[in-house]
Amino acid sequence: MSVFEDNSAGVPPPHKLKDVDLFSPGAEEHWYDAYAILHREAPVHRLPREGLTSDTDAFILSRYEDINRVVKDPLRYTPITSLMLEQMAAAKTPPEDMDYINMMMVSMLTLRPTVELWRAHRKELTDPWVGPGAERHREMITRRVDALIDQLPSAGEVDFVQAFARPLPQQVMAEVLGFPESDIPQLAAWGEAQVMPFVYGEGHLNRLSDEQLAAQFTQLDGFKEYVQDIVRAKRQSPADDMISFLTQVTYSALDRKLTDLEINGIVYAMVLGGLETTQYALEQQAQLICDRPGLFEALQADPSLLRTFIEESLRLRAPTQGLSTRLTSQDERFGEVDVPKGSVLHLRWAAANIDPEEFECPMDLQLDRKAASRHLAFSAGPRVCPGAGISRLEQHIAWTRLLERLESMSYGSDNTFSHQPGIMLGTLQLNLELVKAAK
Ligand code: HEM
């Protein structure tokens with residue numbers, strides 16, 4: 001029997017607060033029912049003894065205002081970015097893995113204790129490639145999108161996830177980083193291994209069992225050495241890609257160039273953050289279009305609406321639904337609820353995005369919504385997702401070209417619409433009936 005078994009079938013939706021459990025197998029089928037209950041009855045929902053230690057609590061925050069306050073002040077609400085890694089460090093892993101864990105510690109950027117350092121890391125190391133600087137990839141992304149559309153049948157059914165939503169971010173990140181084309185399948189396999197805690201991890205802390213961790217290490221085998229080899233090669237003969245850039249740059253926070261291991265860590269973070277998130281955004285956008293008669297045609301007729309469509313889809317179907325990423329550094333009060341120092345805060349971005357106190361008609365996709373990008377799908381504040389720029393660009397180019405090159409798009413047959421387990425919102429399959437436009 002696999003250690004990664006899905007036993008989520010047939011879980012009923014919650015009707016009362018006592019039924020709400022966002023983390024049990026099958027919960028992902030009814031998350032939005034649960035959010036309505038949380039907003040109504042427990043916007044600050046205590047999970048007794050589920051903090052980092054068994055004598056502390058965790059709290060699920062679902063209000064926009066509360067989450068926004070937390071993410072804007074990372075010194076007061078300390079990020080727990082390395083929890084998964086600390087768990088690995090504490091598990092019974094062979095000593096050689098410690099090097100690996102240290103590498104990932106760097107990758108999760110835990111070595112950034114001040115807001116200034118977080119900002120420097122982003123501005124100098126990632127922004128030029130996957131943040132605002134992602135614009136430099138427009139031509140490459142368009143070429144990749146077009147090549148994937150070329151491979152779609154002129155008319156008929158296709159699994160949109162396998163044919164488009166999954167390969168696009170894999171190909172884009174491989175080219176941004178500077179991996180050879182032929183290594184994309186291996187990169188995809190490592191990407192899958194990296195997200196394991198967020199798919200199979202237990203509870204709000206996404207804990208893997210020791211057995212699952214061992215399986216994860218096996219699947220990650222070779223990643224570090226592979227990246228080390230590429231880093232060394234690019235130090236010798238740099239090209240126009242992110243890894244070459246990282247070998248050359250002098251990082252102001254350290255006043256020196258990055259070591260191989262530090263670069264390896266950043267690459268790890270790019271692969272971890274950059275593949276499945278955008279896949280699910282694209283897949284859910286296809287569903288939103290198929291669900292709304294006339295939307296495909298409206299976007300075709302006026303492509304300037306795409307920007308708001310993409311923001312609204314990220315708001316309504318946040319790919320990363322929630323993360324337990326902050327710890328209170330002092331006693332706090334959210335609304336009516338006292339939250340003691342040392343509590344874990346589970347930030348439920350997806351719930352904040354449909355908070356009726358913040359968004360009028362929150363469940364409606366409105367193409368004329370004002371300030372549509374204020375949703376929290378990418379979080380906000382100094383730790384906001386560094387890959388938001390490239391992800392938005394991929395989504396925008398993907399839908400621009402799909403709308404130009406397709407005549408119609410609707411659901412195909414045999415869709416179950418069941419979601420993958422874990423904290424990401426997405427289906428692993430989506431059959432669509434597509435008709436390409438005449439050339
Ligand atoms: C639709 C796509 C994406 C969504 C919804 C998303 C969402 C998020 C969220 C909610 C966080 C947590 C921020 C916080 O703790 O305050 C995050 C962090 C992060 N994301 Fe993304 N992300 C996406 C795409 C990407 C891409 C394309 C990359 C890389 C190219 C990326 C790399 C990262 C990294 C490295 C972090 C950790 C940042 C830190 O701890 O400072 N993400 N993302």
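**A walk through the predicted fold**

Let us start with one pair of residues: Leu 327 has Val 344 of strand 10 standing opposite it. Before going on, please keep in mind that this is a predicted model.

That first pair belongs to a longer partnership, in which strand 7 and strand 10 run antiparallel and share four bridges. Strand 7 covers residues 323-328, while strand 10 covers residues 344-347. Strand 10 is also joined to strand 2 (residues 58-61), this time in a parallel arrangement and again by four bridges. Here you can look for Ile 60, which stands opposite His 346 of strand 10.

Now follow the side chains along strand 10. In a regular strand, side chains alternate between the two faces of the sheet. In strand 10, Val 344 and His 346 point one way, whereas Leu 345 and Leu 347 point the other way. Are these four residues buried or exposed? All of them are buried.

Leu 347 leads us on to the nonpolar core, since it is one of the contacts of Ile 67. Apart from neighbours within four places in sequence, Ile 67 is in contact with Leu 61, Leu 347, Trp 349, Ala 352 and Leu 376. In soluble globular proteins, nonpolar side chains tend to be buried together. The largest nonpolar core of this model holds 95 residues, and the members that touch the most others are Ile 67, Leu 177, Val 267 and Val 271. Which element gives the most to this core? That is helix 14, residues 260-274, with eight residues.

Helix 14 matters for the next stop too, as it gives four residues to the shell around the ligand, the most of any contributor. In total, 25 residues surround the ligand, and the closest are Gly 273, Gly 274, Ser 379, Cys 385 and Gly 387. At least two shell residues each come from helix 14, helix 15 (276-291), strand 7 and helix 19 (388-405). Strand 7, then, is the strand that we met at the start as an antiparallel partner of strand 10. If you sort the shell by residue type, you find 14 nonpolar residues, ten polar ones and one charged one.

Helix 14 and helix 15 turn up once more around helix 9. In helix 9, which spans residues 184-194, the buried residues are Leu 187, Ala 188, Trp 190, Gly 191 and Gln 194. Why do they lie on the same side of helix 9? They do so because they cover an arc of only 165° around the axis. Among the elements that cover these buried residues are helix 8 (167-177), helix 11 (210-220), helix 12 (223-236), helix 14 and helix 15.

A second set of strands is worth a visit. Strand 12, residues 431-436, pairs with strand 4, residues 155-159, in the antiparallel sense over five bridges. Strand 12 also runs antiparallel to strand 11 (residues 406-411), and five bridges join them. One residue links both pairings: Glu 433 of strand 12 stands opposite Glu 157 and is also the bridge partner of Ser 410.

Between strand 11 and strand 12 there is a loop, and Phe 417 sits in it. This residue has a positive phi of about 60° although it is not a glycine. Phe 417 counts as exposed because it has 10 C-beta neighbours inside 10 Å. Ala 371, another non-glycine residue, has a positive phi of about 45°. You will find Ala 371 in the loop between helix 18 (349-352) and helix 19. It is exposed, with 7 other C-beta atoms within 10 Å.

Not every loop residue is exposed, as Asn 206 shows. Its place is in the loop between helix 10 (196-200) and helix 11, and it counts as buried because 21 C-beta neighbours lie inside 10 Å. Asn 206 and Val 20 are 186 residues apart along the chain, and 18 Å separates their C-alpha atoms.

We finish on helix 19, where Thr 400 is found. With 15 other C-beta atoms within 10 Å, Thr 400 is partly exposed. Beyond its neighbours within four places in sequence, Thr 400 is in contact with Pro 303 and Leu 306. From Thr 400 to Gln 186 the distance is 29 Å, C-alpha to C-alpha, with their positions 214 residues apart in sequence.

Technical notes
Residues numbered from 1 in each chain as written. Predicted model: local features only at pLDDT ≥ 70, side-chain atom pairs only at ≥ 80, totals over all residues. Core = buried A, V, L, I, M, F, W, Y, C linked by C-beta atoms within 7 Å. Buried ≥ 20, exposed ≤ 12 C-beta atoms within 10 Å, placed from the backbone. Contact = placed C-beta atoms within 7 Å. Pairing = 2+ DSSP bridges. Near = placed C-beta within 6 Å. Nonpolar A, V, L, I, M, F, W, Y, C, P; charged D, E, K, R; others polar. Arc of directions from axis to C-beta.
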